[in-house]
Amino acid sequence: MSEAPQGRPQVRKVCVIGAGVMGAGIAAQVANAGIPVLLLDIVRDPADRSGVARAAVDTILKADPAPFMGKGAARLVEPGNIEDDLPRIAECDWIVEAIVERLDLKQALYAKVEACRAPHAAVSSNTSTIPLASLIEGRSDAFRRHFLITHFFNPPRYMRLLEVVGGPDSDPAMVTRITDFADRALGKRIVPARDTPGFIANRIGTLWLESAVNAAFDLGLTVEEADAIAGKPMGVPGTGIFGLLDLVGLDLMPHVRQSLTASLPAGDAYQAVARSHPRIEAMLAAGLTGRKGKGGFYRLNREAGRKEAIDLVTGEYRPAVKAPPPEGPAGKGDLAALIAAPGKVGAYAWAVLGPTLSYAASLAPEIAADITAIDDAMKLGYNWRFGPFELIDRLGADKLAARLRAEGSPVPPLLDLAGERAFHRVDKGRRQVLGFDGQYSDLVRPDGVLLLEDLRLAAKPLLENASAALWDVGDGVVALEFTGKMNALDGEVMALIGQAIALVQERYKALVIYNEGANFSAGANLGLALFALAMNAWPEIEKLMAGGQQAYKALKYAPFPVVGAPAGMALGGGCEILLHADAIQAHAESYVGLVECGVGLVPGWGGCGEMLERWRKMPGLPGGPMPAVAKVFEVVSVATVSKSAAEARELGFLRASDGVTMNRDRLLADAKARALALVDGYAPPAPPEFHLPGPTGRAALDLAVHGFRAQGLATEYDAVVAGHLAHVLTGGEADMADPLTEADLLALEREAFLALLHDERTQARIKAMLETGKPLRN
Ligand code: NAI
């Protein structure tokens, strides 16, 4: 969890009531934060009174993507039932209600909760549609003061948005306590919303989806054509509209439509958009509800081995045809070009964007306190790359207004208020947003949120080259940022590390390795290696190898603290750099692994030795050199990648002492704090001595590989690669009595790496990885 500067969040135990899709997912995320959870549901079987909640935990233990981040988390969820365990609600600081969306049932439940909750405990509902005012009807003043709506998105571990609605009676201190916990411990970005139907994301998102579906029917587009226009060119995930509906389930649409049409006023723009389509009704009747059903707008036809799409006119499936992206700038994010494109492309783009952006602008003051809430809600709730007001800026508010006006549509006053001005601007290095009063004000980040994204507006990097940059992040700390494609590592990165060490030594206190890419690093730039190979430039390759080893060791022994701060994937060389840091502060969603064997190589930048050291010190491992060697071999030979930071710790990539930050926005500040905490009295680590088993240990590992071969789990070349890894990890020809130095181990790594790189089968693996992004099992 994020270490809050003011101490741990004051939520020590949580009760989640309703162990369905959302309740179980919320409980898992609370457990991921290390907080115990009581998960209650109804009694369905008198012989197994807590069976419903227990079955829910079993289900999510098998779910993919996994709701739990690690083995420990699942043990923190205690299943129970609402009849026997109600008094135990008194143990909890926060009670989250996530039962079916029925007002009568929720109200009846609150009456029971009121009777047994602790006086300080907060109660919140995960309702998607029911107004707060209705939920608390009949409740006491004290209950009202402790009540709020916390609207999570599905799946709760992975969706970062949390819409929070406080009522007029909600105690602001209580709301802050819960939102602070949800932010720091659960990793959510809090979007305050007003008590209006569908809150922010679903209100705008539903109109967006339905406008897009309507227009596809009206303009006669295929689902592929629609998704190619309303997907990537608009900064929307490639699933587009129909792909997204398949994902969330087509059956959800009629429910949401019914609920929104019932709760929104007659004049709301959504009422004119809400429309059922006979084709979709027929699909639902046939069980074609999307990915969870027998297929949706798309389906995988396993027998024919192909992806298929439904013909919106005939309802027949046919082979899916990838639609080309819109031509020219229209396909590359130029929204003005997109809506002005000739034919179906422009017509469809406008039919989607026009109503959606206009709706967002017309609703904004009613549903949110500022436009940032709306942008955040759509970016985090629907994975849009740009929020509605960022999209409007790309079009121009005045131009959007002009087009609406020209076609006789109402123009939201907010667009006219903005006029020629942008909703977002940078003024003297500070991000500003346009308020509903027509004035700009600075965007204020929560305490403890530090982003390079903001820093770079006001400053230039201290050092910079083609693949990396160094930033002053304040208080004597610098951040090393990778900037190449996929944050791949090359000679430029290594050169910058060298310069950075000199600079920090001279003028700063500590260094953090951090960036804001989707992934920390994909590892060494293999394209470069392949290129050098094709040119027969062996000296270049050897230079890259040795350069990486030297740079990483220089970081390790630098006379100041170094903290690695990964988020997303940290693979191969990206993992190895972390292994050389004094400490790691990882985002909870860190996917760490030494994946070199997957491309027919072995870790070559010091990863083998560093992992051996980590496992040697792992508590609970039996003595002697072999257990650590065997563990590292087990993890690295099959290119294991952790599915979370918690798992990275189980695999030995993180130490017990390393930190985890749940909220991505807080990672840099947390890493910086960790680095600063190491400054006083800092001394670099002492170089290790390796006592390795030598050829006898190698024989044991070879035997294991032989077993995998025999079972068909490893290819012949897998065994060759594993053999090289085993050679390095066991210390080559070493005699157990003679300890090896770090330099000896690096030499073994280099030797194995270069030998493998010479092999055509390794080259084929690298080529396949670069071309398809998938490992080749040759
Ligand atoms: P669900 O149908 O999967 O689960 C509801 C659970 O509540 C069931 O396990 C049911 O046995 C239990 N339940 C019903 N009455 C109960 C009672 N009186 N006491 C204890 N347990 C009871 O529903 P889902 O999808 O998890 O939705 C739950 C809430 O979250 C609803 O308010 C929904 O609007 C909201 N929501 C749903 C989202 C989604 O994507 N499914 C997203 C955001 C919010």
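A polar contact is a pair of N or O atoms within 3.5 Å. With that cut-off in hand, the surroundings of the ligand in this predicted model can be explored step by step. In the side chain of R44, an N or O atom is 3.3 Å from an oxygen atom of the ligand, so this pair falls within the cut-off of 3.5 Å. S128 also takes part, with a polar side-chain atom 3.0 Å from a ligand oxygen atom. For M22, the backbone supplies the partner: one of its N or O atoms lies 2.8 Å from an oxygen atom of the ligand.

How much of the ligand does the protein bury? Taken alone, the ligand exposes 830 Å², and 78% of that is buried by the protein. Two elements, α1 (21-32) and β6 (147-152), each give two or more residues to the shell around the ligand. The shell holds 20 residues, of which M22, D41, E101, K106 and N126 come nearest. Sorted by class, its members are 9 nonpolar, 7 polar and 4 charged residues.

A look at the annotation adds some context. The unreviewed UniProt entry assigns residues 13-195 to the domain "3-hydroxyacyl-CoA dehydrogenase NAD binding". In the model, this span is 35% helix and 21% strand, and its end C-alpha atoms lie 27 Å apart.

Further along the chain comes helix α15, which covers residues 343-367. Its 25 residues reach 35 Å from the first C-alpha to the last, close to the expected 36 Å. Helix α15 bends by about 30° at A361, and the proline P365 follows within four residues.

Key. Residues are numbered from 1 along each chain as its sequence is written. This is a predicted model: local features need pLDDT of at least 70, side-chain atom pairs count only at pLDDT 80 or more; totals for chains, interfaces and linings use all residues. Side-chain values use heavy atoms; hydrogens and water are left out. The expected span of a helix is 1.5 Å times one less than its number of residues. The bend at a residue is the angle between axes fitted to the seven residues ending there and the seven starting there. UniProt positions are given in the numbering used here, feature names are shortened, and annotations may be inferred rather than shown by experiment. A residue is near a molecule or strand if one of its heavy atoms lies within 4 Å of it. A polar contact is a pair of N or O atoms within 3.5 Å; within protein, one must be able to donate a hydrogen and the other to accept it, and residues adjacent in sequence count only if both atoms are side-chain atoms. Accessible areas come from the Shrake-Rupley method with a 1.4 Å probe; for residues, only the protein chains shown count as cover. Ala, Val, Leu, Ile, Met, Phe, Trp, Tyr, Cys and Pro count as nonpolar, Asp, Glu, Lys and Arg as charged, and the others, Gly among them, as polar.
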